Amino acid sequence: MAQRYNQRRALFAITKASFKSIFKSPSSTFFSLFFPIVLIIIFGSLGGGGGISFDVAIDKSSDSTNAIYQAITHAPIFSIANGTEAEIEDRLKKGRLSGILSVQKTNSGKYDVHIKSSSASQRELPQLQAVLNGMINEVSQQEHPVEKIATISNEQVEGRIYKRIDFYLPGMIGFSLIGSAVFGVAFLFFALRETLVLKRMYASPVTKTNIVLGESLGRVFFQLIIVIVLILFGKSAYNFTLANGFVTVLELLVLSTLALIVFMGFGFFISSVSKNQNVIPIYANLFMFPQYFLSGTFFPKTVLPKSIHWLIEALPLTALNDALRKVAFEGLHLNDCWKQVGILGAWGIVIYTFAIWVFRWE
């Protein structure tokens, strides 16, 4: 009686071979690891920061009958947050708000614009004060040209210190994952199909599922090692925030794994619809490049027009970047990132439906 073919051993062998082949590829290592590290060094060495818009909350006790209050609440540069007092305070301490603004009339007849900020939002405080000063000067010229009608005061509450690396390193993880997954899988399976290796593997006793799974797992393991290296580098070189320590690292790896699976689906789809190797970069970049600049990878999403924020929030790389930052800096857990996980899951279902439909073995 013939011995039954060991599918588990075959899966392990394909995974191992795929993993080793990726390590032997200089381009994979460069674009997945060294290029993001170079960007982390560049961005991590920069000081200052801040965008051209601010997420703020308005204290409910503010005097709303004056021109200063009206100027602040109607200025497009401010995005006014809503919520309970406890929710607003929590968002402030986590760095998700630039400050809580309160406008009150003083005994002298002038107004005081009070900024309540946290150590997590200190990098934005100088720009926020400058914007408010400009508004006060403009309103003063209209209301009382001789002197300012308002002054600015501020206080600070405790919160995590938000460093530039806390924004850029999650973006670099997303940058590395999407590039490696889409390009790597697309070129790999196209080359395997063109050289008839995939056809020969299809004719072997190994199941089709294990063939695809083995090649995919090799890339997943490689990229997770890259993610670990990037996190350790950011932590040791720039004190990257890991709010819950080792638990945060594990949750970052879970999010990275989910994102990799989704992004590889796009690689499978592109490899099947591409007629030759020359069009793979075109299709891949059409998918990736808009996300690099829309999804908060290199700069905050708040600098982009509000009219396209609905589109930005629906992108898979946006969901990954947002979830990574929430887990790493804010200390949230995976169940708190249900919206971002749901978006990634929805993209995964859609793209694998199309990828299975168009996938070819030869």
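Which residue forms a salt bridge with lysine 116, and how many Å apart are the closest N and O atoms? The partner is glutamate 89, and the closest N and O atoms of the two residues are 2.6 Å apart. This briefing describes a predicted model, in which three salt bridges are found, the largest pocket holds about 1100 Å³ of space, and the largest nonpolar core has 52 residues.

**Salt bridges**

- The bridge between lysine 116 and glutamate 89 joins distant parts of the chain, since lysine 116 lies in strand β4 (residues 111–118) and glutamate 89 in helix α4 (residues 85–93), with their positions 27 residues apart in sequence.
- Glutamate 89 has a relative accessible area of 18%, and because buried means under 20%, this residue counts as buried.
- Lysine 301 forms a salt bridge with glutamate 313, where the closest N and O atoms are 3.0 Å apart; lysine 301 is in the loop between α10 and α11, while glutamate 313 is in helix α11, 12 residues apart.
- Lysine 301 also meets the side chain of aspartate 322 in a salt bridge of 2.8 Å, N to O, and this pair links the loop between α10 and α11 to helix α12, with the two residues 21 residues apart.
- Through these contacts Lys301, Glu313 and Asp322 are linked in a network of salt bridges.
- Within that network, lysine 301 is buried at a relative accessible area of 18% and aspartate 322 is buried at 12%, whereas glutamate 313 is partly exposed at 26%.

**The largest pocket**

- The largest pocket is lined by 38 residues, and those closest to its centre are Asp55, Arg96, Lys301, Thr302 and Asp322.
- Lys301 and Asp322 therefore have two roles in this description, being among the residues closest to the centre of the pocket and also meeting each other in a salt bridge, with aspartate 322 counted as buried.
- Two or more lining residues come from each of the strands β1 (54–58) and β2 (78–80) and the helices α11 (309–314), α12 (316–328) and α13 (338–358).
- Sorted by class, the lining consists of 11 nonpolar, 12 polar and 15 charged residues.

**Nonpolar cores**

- In the largest nonpolar core, the members that touch the most other members are Ile173, Leu177, Ile178, Val182, Ile231, Phe263 and Leu320.
- The elements that give two or more residues to this core are α6 (164–194), α8 (208–238), α9 (246–273), α10 (280–294), α12 and α13, and α6 gives the most, with 13 residues.
- Valine 182, leaving aside residues up to four places away in sequence, touches Phe263, Phe266, Gly267, Ile270, Ala284, Phe287 and Met288.
- A second, separate core has 21 residues, including Ile58, Val103, Tyr111 and Met135.

**Around valine 131**

- Valine 131 is found in helix α5 (residues 125–143), and its relative accessibility of 21% makes it partly exposed, because buried means under 20%.
- When residues up to four places away in sequence are not counted, valine 131 touches Phe54, Ile77 and Phe78.
- Valine 131 and phenylalanine 54 are 77 residues apart in sequence, and their C-alpha atoms are 9.9 Å apart in space.

Note on methods:
Residues are numbered from 1 along each chain as its sequence is written. This is a predicted model: local features need pLDDT of at least 70, side-chain atom pairs count only at pLDDT 80 or more; totals for chains, interfaces and linings use all residues. Side-chain values use heavy atoms; hydrogens and water are left out. On a 1 Å grid over the protein atoms alone, a cavity is a set of points where a 1.4 Å probe fits but cannot get out, and a pocket is an open set with protein on both sides within 12 Å along at least five of seven lines; lining residues have an atom within 4 Å of a point. Grid points are joined across faces, edges and corners, and a volume is the space filled by probe spheres set on the points. Helices (H or I, at least four residues) and strands (E, at least two) are DSSP runs, numbered from the N terminus. Ala, Val, Leu, Ile, Met, Phe, Trp, Tyr, Cys and Pro count as nonpolar, Asp, Glu, Lys and Arg as charged, and the others, Gly among them, as polar. A nonpolar core is a set of buried Ala, Val, Leu, Ile, Met, Phe, Trp, Tyr and Cys residues joined through side-chain atoms within 4.5 Å. Buried means under 20% relative accessible area, exposed over 50%, partly exposed in between (1.4 Å probe, protein chains only). Contact means heavy atoms within 4.5 Å. A salt bridge is a side-chain nitrogen of Lys or Arg within 4 Å of a carboxyl oxygen of Asp or Glu.
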